[in-house]
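User: Hi! I'm new to this one and would love a friendly walk through it. Could you pull it up for me?

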Amino acid sequence: MDTHDLARDRNGVTDPHGSEALAKVLVTLPRGALVIGVETDGLFTPSEQRELAEHIPEAELVMIQSKDGHDGFLLEFQEINRHVLGFLQRVLPELYVGEAAIDEVSQQDFEVTRTSTFGEAEVDVAMW
């Protein structure tokens, strides 16, 4: 992932290593992306997520609060799910005709359960 460079080999990009080059590529993306970051993520840092949202046309940025760093993307799935569903309902309302609004969905549907066939999910893996 460290070698993935969106600006590499793009037309019109003279210096593919600067943030100006990245911005030139991001403005060409389709408008209206949802960018989700985790405040404590050290791999995909909040500043990188802000940069994406700043340059993708009409992008929406959501920052998730989590003490778990990059693993917050896995462990904060309820909050991420809420943001993704809300975003999809706003940008693709025709797919959600007749369905309950995200705020009306029962919290019980998203309760965390700790069950596993092999027991590995029975411990709190985030407690190092």
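User: Let me start with one residue: is Gly 72 buried or exposed?

Analyst: Gly 72 counts as buried, because its relative accessibility is 0%. Please keep in mind that this is a predicted model.

User: Okay, and where does Gly 72 sit?

Analyst: Gly 72 belongs to helix H3, which covers residues 72-75. The C-alpha atoms of Gly 72 and Asp 41 are separated by 7.6 Å, with their positions 31 residues apart along the chain.

User: Let's zoom out. How many helices and strands are there?

Analyst: The protein chain has four helices and two strands. Going along the sequence, you meet them in the pattern α-β-α-β-α-α.

User: And what percentage of the residues count as buried?

Analyst: That would be 23% of the 128 residues of the protein chain.

User: In what sense do strands S1 and S2 pair?

Analyst: They pair in the parallel sense, over five bridges. Strand S1 is made of residues 34-38 and strand S2 of residues 60-64. To get from S1 to S2, the chain passes through helix H2 (residues 46-55), and this β-α-β crossover is right-handed.

User: Which residues face each other across the two strands?

Analyst: Here are two pairs to look for. Val 38 stands opposite Ile 64 in S2, and Gly 37 has Met 63 in S2 as its bridge partner.

User: How many residues of S1 are buried?

Analyst: Four of the five residues of S1 are buried, so to speak "mostly covered".

User: Back to H2, then. Which of its residues are buried?

Analyst: The buried residues of H2 are Pro 46, Gln 49 and Ala 53. They lie on the same side of H2, because they cover an arc of only 60° around the axis.

User: What is on the other side of H2?

Analyst: There you find Ser 47 and Glu 54, which are exposed.

User: Switching topic: how many salt bridges does the structure hold?

Analyst: The structure holds four. One of them joins Glu 39 and Arg 50, whose closest N and O atoms are 3.4 Å apart. This pair links distant parts of the chain, since Glu 39 is in the loop between S1 and H2 while Arg 50 is in helix H2, 11 residues apart.

User: Are those two buried, partly exposed or exposed?

Analyst: Glu 39 is partly exposed, at a relative accessible area of 29%. Arg 50 counts as partly exposed too, at 40% relative accessibility.

User: Why does 40% make Arg 50 partly exposed?

Analyst: Buried means under 20% relative accessible area and exposed means over 50%, with partly exposed in between. Arg 50 has 40% relative accessibility, so it counts as partly exposed.

User: Which residue forms a salt bridge with Glu 60?

Analyst: That is Arg 90, and the closest N and O atoms of the pair are 2.6 Å apart. Arg 90 lies in helix H4 and Glu 60 in strand S2, so the salt bridge ties together parts that are 30 residues apart in sequence. Arg 90 counts as partly exposed at 49% relative accessibility, and Glu 60 counts as partly exposed at 28%.

User: How far apart are the C-alpha atoms of Arg 50 and Glu 60?

Analyst: They are separated by 9.6 Å, and the two residues are 10 apart along the chain.

User: Which residue forms a salt bridge with Asp 68?

Analyst: Lys 67 does, with the closest N and O atoms 3.5 Å apart. Asp 68 is buried, with a relative accessible area of 17%, whereas Lys 67 counts as exposed at 68% relative accessibility.

User: Last topic, the surface. Which residues form the nonpolar patch there?

Analyst: Val 91, Leu 92 and Leu 95 form that patch, and together they have about 250 Å² of accessible area.

User: Where does Val 91 lie, and is Val 91 buried or partly exposed?

Analyst: Val 91 lies in helix H4, which covers residues 77-91. Val 91 is partly exposed, because its relative accessible area is 42%.

User: Great, thanks for the tour!

Notes
Residues numbered from 1 in each chain as written. Predicted model: local features only at pLDDT ≥ 70, side-chain atom pairs only at ≥ 80, totals over all residues. Heavy atoms only, no water. Pairing = 2+ DSSP bridges. Right-handed = clockwise from strand over helix to strand, strands pointing away. Patch = residues over 30% accessible without salt bridge, like charges linked within 9 Å, V, L, I, M, F, W, Y side chains within 5 Å. Areas by Shrake-Rupley, 256 points an atom, 1.4 Å probe, with all protein chains shown as cover. Salt bridge = Lys/Arg side-chain N within 4 Å of Asp/Glu carboxyl O. Buried < 20%, exposed > 50% of the residue type's maximum accessible area, 1.4 Å probe, protein only. Arc of directions from axis to C-beta.
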